[in-house]
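Me: I would like to go through the protein–DNA contacts and the enclosed space in this model. Short answers, please.

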Protein chains: 2
Amino acid sequence: MSPRRVTLADVAKIAGVSPTTASLALSGRGRELRISQDVEQRVLKAAAELQYRPNIVSVGLRTGTTRTIGFVSDTVATSRLAGDMIKGALEAARERGFMLFIGETEGDAELERLLLQAMHDRQVDGIILAAMYTRTIKVPKAMTVAPAVLLNALPKQPSPLPSVIPDEIEAGRVAARALLDAGHREGIHLIGAGPGRRNVPAGGSVAAVERLIGIREVLAEAGVKPAGGHVCPDWQPEYGLAATRALLQKERPRALICFNDRLALGAYQALDDFGLKVPADVSVVSFDDHPIASWMRPQLTTVALPHYELGRKAVDVLFTEIGRDREDDGGEGEVHRVPMPIRLRQSVASPGT
Amino acid sequence: MSPRRVTLADVAKIAGVSPTTASLALSGRGRELRISQDVEQRVLKAAAELQYRPNIVSVGLRTGTTRTIGFVSDTVATSRLAGDMIKGALEAARERGFMLFIGETEGDAELERLLLQAMHDRQVDGIILAAMYTRTIKVPKAMTVAPAVLLNALPKQPSPLPSVIPDEIEAGRVAARALLDAGHREGIHLIGAGPGRRNVPAGGSVAAVERLIGIREVLAEAGVKPAGGHVCPDWQPEYGLAATRALLQKERPRALICFNDRLALGAYQALDDFGLKVPADVSVVSFDDHPIASWMRPQLTTVALPHYELGRKAVDVLFTEIGRDREDDGGEGEVHRVPMPIRLRQSVASPGT
DNA sequence: TCGCACTGCTAATCCGATTTAGCAAACCTG
DNA sequence: CAGGTTTGCTAAATCGGATTAGCAGTGCGA
């Protein structure tokens, strides 16, 4: 069936040289090791004719480098959000001739251990450990044996591993500024967290904490106080609906900052129930740029999670880790923050007195 | 830094035997090849103590099997829908101790070639070629050198490769039955395709054709004629909105069969615009079970794409391919159809005369 | 006591590359 | 023209296992 792969030995035979010479010529080290032009050309020609491709498994065994990186996540593949993260990583890896192993732990530490082990068994050159939503994680000790990067996650304990995360603080600033720029000064309510610095859902979500910091900072600078805040235990539509409904029963907000798009979806429904129009009566800004954000009516202005860029960046950082001299294990890993761009759509308008 | 991996030689030395013996004992072939109980135990003990793990790269070189399969898709990782497909494949593979390489072609044939090549260079044991939405694809000839399976796709030309696809015809039947069971007989409109067998969007979508077949079959059996059908060039919310709006300007339907959930989202908006309530005035059934289906109000009854099961099934089929004697390349590949379960929610009610 | 079968283990080879060490021929040099 | 240098290439070792062929030692029958 499968016609045996062409090996280096085949190329060497056709070119009439030894495998050693063929290897040298193909790896470009021919010059350095005094292979003649003539022979080099013969080898190259033979390789092209036979469509020779080196067996990476063999190279992996000999050199210890498999041109492969492992991408382990808690549950990335499931969420659409993170599909783009994988895609970014995939493309960045491909540009360097690397492939990606993927694995899902579903938050199971034992499974995580097994997966990392399976990847090491396959001699991956590096590992990206990703979280579905930005948070702090316990770094498994298996992570220290190979170059590694945390993606969308920060180490719970001090660790030499670098992290790549979205710049949530700046995102909070940007969202708040969007409302200020439209002229909002009063009746700004937060849905999902706030108004106080400590009013965040349990679970160690970095997004809640940092978005809140950014929002509060910009509002404070403008001398504006959020009119209220509503912590939601889970950032799902039904909680956004409930929180907004509760709010509307007491007062009439002029603007909502929803902590993600699903909450905003619920908020839209509540506003609709109360006969309020977005953005004429109430402006809404949100975070994530989930696909539904552009399906909602009016389309939602939201600060996007840059999943694709996060994935790319993680690979970039991993490659610098791989290239780095693995000795200087002092110090903490650097934290790389990827900008979150705002998508201006139709859900924000001036308060119109 | 990284303490050199434990090798078979290390285990052998500790156990006081040759690497050959250690290999035999560990591979379980000890009995067959007359290794004494005593020695076997010593080896096992040494391996456990050292936490020995065989280097799969080495095994791959020697035996040609890397316990790895390649998952190549046009753009699967991006779509949330398909995240579950990967997840199913991932789990099924993991249960057998296999890892997954993933790659995205973005519909680029050249990129596809390169990816398949990169996977073969890494000696994958088999390949799953997946499509984001069910359709017919041209099978690259590189696919014939290793065991392979088409996922969510059918071969455009006759091919020995097996396929795994959702059972869209039965899904169409199920959707139609859901309306019939609720008592609907009249005013049933199709949004997205139909009413005639040929009224499908361009692009070779298997879903449109087969769902339509199933729907028409069941309605015909019940002596019911669809009141109308509206082909949408793309199955996005805005087209669903437009089609439904156009429909409502002419008549008042009693039930809609939307060809996917995004169309249904648009339809909901149009119905709302016309002051019609779901399901009191108009029942809606749909396909896909996209996450938004359970966020919509009322929650949408929809026939689910079994992505997770598709992924699992593809791996199952791939393993039987791998196990099969690769000689009998006669015949066409088998087509495996995975059932699509209906999610009964709140968007269907009896027509209430 | 010789020959044979069986038991229990190991030496050697192989997979397909990379890399080190080294060899033969040509070329200088004084 | 002997001795040293350079040029151009190759043999052999290596990576870490799996696999094949075979080697000692024992037991047994004749």
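Me: How far is a base oxygen of DNA strand D from an N or O atom in the side chain of A:R62?
Reply: The model is predicted, so this is a computed distance. The pair joins a side-chain N or O atom of A:R62 to a base oxygen of DNA strand D. The distance is 2.9 Å.

Me: Which atom of DNA strand D does the side chain of B:S58 approach to 2.6 Å?
Reply: B:S58 is listed among the closest residues to DNA strand D, along with B:L8 and B:R62. An N or O atom of the B:S58 side chain lies 2.6 Å from a base atom. That atom is a base nitrogen.

Me: Which element gives the largest share of the surface near DNA strand D?
Reply: Elements giving two or more residues are α2 and α4 of chain A together with α2 and α4 of chain B. The largest share is 4 residues. It comes from α4(B).

Me: What percentage of the atoms of DNA strand D within 4 Å of the protein belong to sugar or phosphate?
Reply: The atoms in question lie within 4 Å of the protein. Those not in sugar or phosphate belong to bases. The sugar or phosphate part is 47%.

Me: Turn to DNA strand C. Which residue has a polar side-chain atom 2.5 Å from a phosphate oxygen there?
Reply: A:T20 has a polar side-chain atom 3.3 Å from a base oxygen of DNA strand C. A:S58 has one 2.6 Å from a base nitrogen. The phosphate oxygen contact, at 2.5 Å, belongs to B:T21.

Me: How many charged residues does the surface near DNA strand C have?
Reply: In total, 24 residues surround DNA strand C. By class, 10 are nonpolar and 10 are polar. The charged residues number 4.

Me: Now the enclosed space. How much space lies in the largest cavity?
Reply: Counting those of 30 Å³ or more, there are 3 cavities. The largest cavity is lined by 13 residues, and those closest to its centre include A:V57, A:T66 and B:R122. Its space is about 160 Å³.

Me: Which element supplies the largest share of the lining of that largest cavity?
Reply: By class, the lining has 6 nonpolar, 5 polar and 2 charged residues. α4 (56-63) of chain A and α4 (56-63) of chain B each supply at least two residues. The largest share, 3 residues, comes from α4(A).

Conventions
Residues numbered from 1 in each chain as written. Chains lettered and ligands numbered in written order. Predicted model: local features only at pLDDT ≥ 70, side-chain atom pairs only at ≥ 80, totals over all residues. Heavy atoms only, no water. 1 Å grid on protein atoms, 1.4 Å probe; cavity = no way out; pocket = protein on both sides within 12 Å on 5 of 7 lines; lining within 4 Å. Points joined across faces, edges and corners; volume = space filled by probe spheres on them. Nonpolar A, V, L, I, M, F, W, Y, C, P; charged D, E, K, R; others polar. Near = heavy atom within 4 Å. Polar contact = N/O pair within 3.5 Å; in protein donor to acceptor, adjacent residues only side chain to side chain.
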